[in-house]
Amino acid sequence: MRNCRKIFHARAGALLAVGALLLLSGCAAILGLDGDPSKLAEAPDYRVGDRWVYHVEEGYRLPLVWNETWEIIRIGTEGITVQITLKGERIDETRTELWPRPGLVLQGALMNVETRKFNTPYQRYRFPIRAGDSWNQRLDTVDAKERWGQRPNYITRAWGWEKIKTPVGETDALRLNQIITFDDEDPWRWPTRGNYDFWYAPAVNNIVYAKRLANYIEKGDELGGIEISAQLETIELRSYTRGKP
């Protein structure tokens, strides 16, 4: 039974990988790659009331679908407070992120819709960003002791600029790739590893599209390390509203 389950997960993982490619080609249209190092994504000038609405699909054959609204509700000495609301047929959640300044996250999510707190802010973006830039960090999370003392780590690379078409129109976006190792290793499984692609567009001060894949391997796998899918998510911007100055 154990081996049959492994084979099922392996086949399911292959189907999910194919699904990711189909989703990518079916939603956003991405054209070309421009590695001009003089072209910068500058730190955004956020305003209270800035609002982004994303359409999110998790999974492939029977996806979980929801709309995710990000709205800046406060800007003060502590930083930028963002309320994130998820609404869908099987999901209804609200969480809050705190950004000390653009690009840094003191409280927020790494993988799904969890809320984490960081002793040292997570550097989601390192502004200004140009094609060819990269940065990495071993994250210092508040709950590290509860996770066997592990610390997530990642490396982010900026591949280049691309024209991307979404429901909000066509825009220039800087393609970023993040490889992340999470802190969820336990006696039965190795840590989850994520491979995330983001398209950050200065015109909307945020991402316009993203695809996030993650998997893990169980320890003692008799078949030699079959990867089990933990995440297959696509995110597409559907609307952007600028707050009042």
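Leu-176 touches residues from several parts of the sequence: neighbours within four places set aside, its contacts (heavy atoms within 4.5 Å) are Tyr-125, Ile-129, Trp-135, Thr-156, Arg-157, Ala-158, Tyr-196, Asp-197, Phe-198 and Tyr-200. The model is predicted, with local features requiring pLDDT of at least 70 and side-chain atom pairs pLDDT 80 or more, while totals for chains, interfaces and linings use all residues. Residues are numbered from 1 along each chain as its sequence is written, and side-chain values use heavy atoms, without hydrogens or water.

Leu-176 also appears in the largest nonpolar core, a set of buried Ala, Val, Leu, Ile, Met, Phe, Trp, Tyr and Cys residues joined through side-chain atoms within 4.5 Å. This core has 46 residues, and those touching the most other members are Trp-52, Tyr-54, Ile-129, Leu-176 and Val-208. Across the protein chain of 245 residues, 46% are buried (under 20% relative accessible area, 1.4 Å probe, protein chains only).

The chain comprises one helix and 15 strands, taken as DSSP runs (helices H or I, at least four residues; strands E, at least two) numbered from the N terminus. Strands that each give at least two residues to the lining of the largest cavity include β12 (169-181), β13 (193-201) and β14 (206-217). A cavity is a set of points on a 1 Å grid over the protein atoms alone where a 1.4 Å probe fits but cannot get out, and lining residues have an atom within 4 Å of a point. The space in the largest cavity is about 450 Å³, a volume filled by probe spheres set on points joined across faces, edges and corners. Its lining has 29 residues, with Trp-70, Arg-124, Phe-198, Ile-207 and Arg-212 closest to the centre.

Terms used
On a 1 Å grid over the protein atoms alone, a cavity is a set of points where a 1.4 Å probe fits but cannot get out, and a pocket is an open set with protein on both sides within 12 Å along at least five of seven lines; lining residues have an atom within 4 Å of a point. Buried means under 20% relative accessible area, exposed over 50%, partly exposed in between (1.4 Å probe, protein chains only).
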